[in-house]
Amino acid sequence: MPDVELRYVPDQRTGEAVLACETGSVLLDADEVSALHDTLRAHMPDRMRPLPA
């Protein structure tokens, strides 16, 4: 399996974020960003900070 580099670009104003790799990107809405953070926090609690309020 090849390595994949993901870029995460959040927008503090809207709560949305762009998740991108070499072959494409996807716009996550605020609910999807929250779900992504919850999932990552569950698997890597020592590496994730809370989302800003």
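In which strand is V9 found? Select V9 to begin the tour of this predicted model: the residue is found in strand β1.

**The sheet**

Next, extend the selection to the strands around this starting point. Three strands form an open sheet, arranged in the order β1-β2-β3 with antiparallel pairing. Colour β1 (7-10) and β3 (24-28) to mark the edge strands, each of which pairs on one side only. From one strand to the next, the twist averages 15°. As general background, the strands of a sheet pair through backbone hydrogen bonds, either parallel or antiparallel.

Now select residues 17-21, which make up strand β2. Four bridges join β2 to β1, in the antiparallel sense. For one position along this pairing, display P10, which stands opposite A17 in β2.

**The helix**

Select residues 30-43 to show helix α1. The helix lies across β1, β2 and β3, and runs at about 105° to β3.

**The surface**

Return to V9 and add V18 and L27 to the selection. Together, V9, V18 and L27 make a nonpolar surface patch of about 240 Å².

**The segment before β1**

Finally, select V4, whose place is in the segment before β1. Is V4 buried or exposed? V4 is exposed, because its relative accessible area is 61%, and the cut-off for exposed is over 50%. Add C21 and display the C-alpha atoms of both residues. V4 and C21 are 17 residues apart along the chain, and their C-alpha atoms are separated by 7.1 Å.

Terms used: Residues numbered from 1 in each chain as written. Predicted model: local features only at pLDDT ≥ 70, side-chain atom pairs only at ≥ 80, totals over all residues. Heavy atoms only, no water. Pairing = 2+ DSSP bridges. Helix = DSSP H or I, 4+ residues; strand = E, 2+ residues; numbered from the N terminus. Axes fitted to C-alpha atoms, helices over the stretch in contact; angles between N-to-C directions. Contact = heavy atoms within 4.5 Å. Buried < 20%, exposed > 50% of the residue type's maximum accessible area, 1.4 Å probe, protein only. Patch = residues over 30% accessible without salt bridge, like charges linked within 9 Å, V, L, I, M, F, W, Y side chains within 5 Å. Areas by Shrake-Rupley, 256 points an atom, 1.4 Å probe, with all protein chains shown as cover. Salt bridge = Lys/Arg side-chain N within 4 Å of Asp/Glu carboxyl O.
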